[in-house]
Amino acid sequence: MTRAETRRIYVGGVPIGGGAPVTVQSMCNTKTEDVPATLAQIERLREAGCDIVRLAVPNMEAARSLGEIKEKAGLPIVADIHFDYRLAIEAAAAGADKIRINPGNIGSPEKVRAVADACRARNIPIRVGVNSGSLEKDLLLKYGAPTAKAMVESARRHIELLNSFDFDDICLSLKASSVPLTVEANLLAAREFPYPLHLGITEAGTAYSGLVQSAVGLGALLCQGIGDTIRVSLTADPVEEVRAGIAILKAAGLRKGGVRLISCPSCGRCGIDLIRTAEEVEAMLAGCPRDITVAVMGCVVNGPGEAREADYGLAGGQGVGVLFKKGRVVGKIPSEKLAQALVELIKQDDAKS
Ligand code: SF4
């Protein structure tokens, strides 16, 4: 896959765009001014693999809290600003690594200039975050609805405004709760702008439906080389957003490392409790650092053959199943011990590698 060429920005020390690995972001759902709770959640996100974390800044207390959070957090901090440009200026002064503003509600050009000046002085980028639900009224009148072209025009307007203030350290997002609209808007934006793109489906839903929406929308773009950083929005623990984001990047071939589990859907030939076995194997290998594919198959008739590309696998049978490695059967094991035996085989090789 050829990645779209974009400029590079830095959020803290983390690069976005310009060929850098696609990063995973999430957003805390704590009150930002509750510093201990926010720091605890940031740490959980970091442990889950999050690269950058965004915090809501709805008031001055939250903006001023960013100083202590920045000092103690293990991740770069993005301040999320709506309506009041003074919060952006305070957040930049407190040490935020990036400011996200919504062009639809930040106010007059002079207010945007003040934010740009504050960010330039501290060398921190701005994300222009266009949201289909809060487009400027004149654009809604012109296009009749929040279309992809309306979203791109909103982005263009604010990029030109920032550029006119000699500010170019920009990241861009165009989000909608509709997957086709998000995909169309980002395809247009990737053709039009040189800036790195932050991808996301906004208000995507709960852990299951939100993951599906995000996987389809972000996957469609990532597989075309579009997108430099992602956030999977879920009505769930933010840690789930990070897990989902990493899984999407892995599925798109953009992140290596860790186990890729493949398992058959099972059918009338299945000889074991496949659902339980697959879940056990997945849980036991959760921390495995090696970049391997592990197959859990329901029967010996087709299992090893269907999972030929797997590095390791098991295939169930009536009472006894097989373990296989690189397509070759390496052991016959009673069905109830298959999952454990497979994990032991992998861990023995982990120890050797
Ligand atoms: Fe059915 Fe066996 Fe294929 Fe699984 S591996 S789907 S049990 S034929």
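How many nonpolar, polar and charged residues does the lining of the largest cavity have? By class there are 6 nonpolar, 2 polar and 2 charged residues. Ala, Val, Leu, Ile, Met, Phe, Trp, Tyr, Cys and Pro count as nonpolar, Asp, Glu, Lys and Arg as charged, and the others, Gly among them, as polar.

This is a predicted model, in which local features need pLDDT of at least 70, side-chain atom pairs count only at pLDDT 80 or more, and totals for chains, interfaces and linings use all residues. Residues are numbered from 1 along each chain as its sequence is written, and side-chain values use heavy atoms, with hydrogens and water left out.

**Cavity and ligand shell**

The count comes to 1 cavity of 30 Å³ or more. A cavity is a set of points, on a 1 Å grid over the protein atoms alone, where a 1.4 Å probe fits but cannot get out; lining residues have an atom within 4 Å of a point. The largest cavity holds about 50 Å³ of space, the volume being the space filled by probe spheres set on the points. Its lining includes Ala4, Phe193, Tyr195 and Asp228.

The ligand is surrounded by Cys264, Ser266, Cys267, Arg269, Cys270, Gly298, Cys299, Asn302 and Glu306. Each has a heavy atom within 4 Å of the ligand. This shell divides into 4 nonpolar, 3 polar and 2 charged residues.

**Positive phi**

Most residues other than glycine have a negative phi. Two residues here have a positive value. Exposed means over 50% relative accessible area, buried under 20%, and partly exposed in between (1.4 Å probe, protein chains only). Helices (H or I, at least four residues) and strands (E, at least two) are DSSP runs, numbered from the N terminus.

| Residue | Phi | Loop between | Relative accessible area |
|---|---|---|---|
| Phe83 | near 70° | β5 (77–81) and α3 (85–94) | 63%, exposed |
| Ser266 | near 70° | β11 (259–263) and α10 (274–284) | 36%, partly exposed |

**Core packing**

A nonpolar core is a set of buried Ala, Val, Leu, Ile, Met, Phe, Trp, Tyr and Cys residues joined through side-chain atoms within 4.5 Å. The largest has 78 residues; Ile42, Leu172, Leu174 and Leu222 are among those with the most contacts inside it. Helix α6 (residues 148–164) gives the most to this core, 8 residues. Another core, of 30 residues, lies apart from it and includes Met297 and Leu342.

Leu174 touches Val130, Met151 and Leu197, among others (contact: heavy atoms within 4.5 Å). Buried residues of α8 (207–222) include Gly210, Leu218 and Leu222. The buried residues of α8 pack against α7 (179–192), β9 (198–199), β10 (229–231) and α9 (238–251).

Notes. 1 Å grid on protein atoms, 1.4 Å probe; cavity = no way out; pocket = protein on both sides within 12 Å on 5 of 7 lines; lining within 4 Å. Lists of a residue's contacts leave out its neighbours within four places in sequence.
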